[in-house]
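Please work through the following exercises with the sequence and coordinates at hand. Each task is followed by a solution in steps.

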Amino acid sequence: MRETVLPDSGASGVSRRRFVVGAGAAVGAAAIAGHVAAPRAYAAPAAGPIANGARVPVLVVGTGYGGSVTALRLAQAGVDVHMIEMGMAWDTPGSDGKIFANTTTPDHRSFWLRTRTKQPLSNFLGFPIDKNIPKYTGILDAEEFAGIMVYQGRGVGGGSLVNGGMAVTPKRENFAGILPSVNADEMYSTYYPRANAGLGVTSVDQRWWENAPCYQYARVGRKHAQRSGFPFVFVPNVYDWDYMKAEEAGTVPKSALAGEVIYGNNAGKKSLQKTYIAQIKSTGRVTITTLHKVTSVAPAAGGGYTVLIDEINTTGDTVATKSVTADRVFFAAGSVGTSKLLVKLKATGALPNLNNEVGKGWGDNGNVMCGRANHMWDATGKLQSSMPTAGIDNWAAGGAFAEVAPLPTGIETYASFYLSITNTPHRAEFSWNAATGKVDLSWQTAWKQTSINMAKTIFDKINQKEGTIYRTDLFGTYKIWGDHLTYHPLGGAVLNKATDNYGRLHGYPGLYVMDGSLIPGNVTVNPFVTITALAERNIENIIANDL
Ligand code: FAE
């Protein structure tokens, strides 16, 4: 027997646990699934991209939160893991010396295979702001379905590359409504703390915050919330606050204070690349293959699963197709990516035994955006940190939690800007469209009205109290609500429905779901801490019982 000791908690962020595994990765991995025949030997993971014809113990589809937790814990348990990521590595600076483009000046790096930007805020002061860009495998995907635009991160680190870093653990009293089949005691005593430590979540120094010019917009947000009687709550983030203080002091290159966020952050944000993925690399057991997109998974003749993978170039063309055999496949392609794959594979006969829950239970986390026009004496500041620190909590009374969000334009806008998460009851379903050869989503734009009504429980009241109005210039001409999009896709392979209570897909031993698609449509707050904590819980059970 071999014992693997995980690093201590603290700076490294991973709690001390011991896994006792069989004599090496080959035995451990091969003996898992009923589907898997006999133990076999595997070549040590190579440094380069995965080879056509390779036989691997574990293949993880996607490198976001679910995928990173899965790969790290399996590697620490002694299993060799191959991660497949359709996006880029994001480890090499461009000609401007920076890896990522700035929010105010999007370029080819900013969007996934688009020839024109599709910015969440399409207009400013009455003018459209989208512009032409060269088609490239950029970092932010604005994926269009009939009724909704779903924004997602593409590249090693998934959504952690583009998100605002808001790292929120839901209130305990709301948890039963989020994941009813999961033991809340275990989540709050073990897995949420483990996820928060692993992600490097910390809270802003409130004394500094009170005077920092870059959080004037948040202080105005607090003043207005409190004057209308709403609870204003600080929320943790994964940003390195010491770095932000140094940005303010002018001693380091500016990142959050240069508005970097949705097209990547060049310095202070602890994306997964700096936390889980840095640890993954240090295990020496994980290969990450980029610009490779998984297109099919089906049972292989001799046991395990045949995985088909398209290798793409930076304009999205397929340059090679590879076939790999994996004993286990972990779907961690995000709510949309995993759902699309599973729905297609069930409908086209690759995985016909998946149950009828696959594709169901998808929601937008109730996302809706809006801006308010403040009076001239309520300036929100031309310097705005791109990392949000707070929200307005009207969940219990009005079904809305509103993040006080930055509008980092570099000029004084007198605008307060908010991304609300609301208690929407609507759930959509993915389905295979044989005519187009694509997966559709049944979401309807009109469903956002429920979310708008919930957000209005906060902002109508604030506007009335302050004598202010909604901005009408941010999402079109005379359009108040950003109701066409979500940043928080959730569901499509719901826990304890499409899978067992730990992410094992029904019908196929050795296939697992590990990402946001497990969560049925809403988490009451921003989702990545819950996605990470759930993955920590599930992979622990899978390592203990399946390996
Ligand atoms: P995700 O992180 O999306 O990772 C999936 C990965 O799989 C991606 O890297 C894909 O490129 C890859 N992939 C997909 N399909 C394939 C395929 N077929 N083959 C190979 N690779 C594939 O999934 N959440 C918060 O909690 N706080 C925030 O402040 C916040 N801000 C956000 C801001 C923006 C602009 C956006 C877009 C999202 C934000 N989110 C935020 C949401 C958060 O990033 C998201 O819930 C998680 O990233 C989802 O994690 P998953 O592991 O499910």
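The exercises below concern a predicted model and treat the ligand shell, a sheet and a loop residue in turn.

**Exercise 1. Composition of the ligand shell**

Task: Determine how many residues surround the ligand and how they divide into nonpolar, polar and charged.

Solution. Step 1: count the surrounding residues; there are 36, and the closest are E85, G159, M166, G516 and F528. Step 2: sort them by class, which gives 16 nonpolar, 16 polar and four charged residues. In this sorting, Gly belongs to the polar class.

**Exercise 2. Secondary-structure elements around the ligand**

Task: Identify which helices and strands each supply at least two residues of the shell, and which element gives the largest share.

Solution. Step 1: list the helices and strands that meet the threshold of at least two residues: α2 (65-76), β8 (149-153), β11 (292-299), α9 (334-347) and α12 (528-546). Step 2: rank by share; β11 comes out with the largest, at three residues.

**Exercise 3. Backbone contacts and burial of the ligand**

Task: Find the distances from oxygen atoms of the ligand to polar backbone atoms of Y65, G155 and G159, then state how much of the ligand the protein buries.

Solution. Step 1: for Y65, a polar backbone atom is 3.1 Å from a ligand oxygen. Step 2: for G155, the separation between a backbone N or O atom and an oxygen of the ligand is 3.2 Å. Step 3: for G159, the corresponding value is 2.9 Å. Step 4: consider area; the ligand taken alone exposes 1000 Å², of which the protein buries 95%.

**Exercise 4. Strand order in a three-stranded sheet**

Task: For the open sheet containing β7, β8 and β21, establish the strand order, and explain why one side of each edge strand lacks a neighbour.

Solution. Step 1: read the order, which is β7-β8-β21, with mixed pairing. Step 2: β7 (140-144) and β21 (485-486) are at the edges and have a single partner strand each, so one side of each has no neighbour in the sheet. Step 3: examine β7 and β8, which pair antiparallel over five bridges. Within this region, E144 is placed opposite M149 of β8.

**Exercise 5. A loop residue**

Task: Decide whether G147 is buried or exposed, and name its contacts beyond four places in sequence.

Solution. Step 1: locate G147 in the loop between β7 and β8. Step 2: compare its relative accessibility of 9% with the cut-off of under 20% for buried residues; G147 therefore counts as buried. Step 3: set aside neighbours within four places in sequence; G147 is then in contact with W443, Q444 and T445. Step 4: take T450, 303 residues away from G147 along the chain; the two C-alpha atoms are separated by 15 Å.

Definitions and conventions: Residues are numbered from 1 along each chain as its sequence is written. This is a predicted model: local features need pLDDT of at least 70, side-chain atom pairs count only at pLDDT 80 or more; totals for chains, interfaces and linings use all residues. Side-chain values use heavy atoms; hydrogens and water are left out. A residue is near a molecule or strand if one of its heavy atoms lies within 4 Å of it. A polar contact is a pair of N or O atoms within 3.5 Å; within protein, one must be able to donate a hydrogen and the other to accept it, and residues adjacent in sequence count only if both atoms are side-chain atoms. Accessible areas come from the Shrake-Rupley method with a 1.4 Å probe; for residues, only the protein chains shown count as cover. Helices (H or I, at least four residues) and strands (E, at least two) are DSSP runs, numbered from the N terminus. Two strands pair if DSSP finds at least two bridges between them. Buried means under 20% relative accessible area, exposed over 50%, partly exposed in between (1.4 Å probe, protein chains only). Contact means heavy atoms within 4.5 Å.
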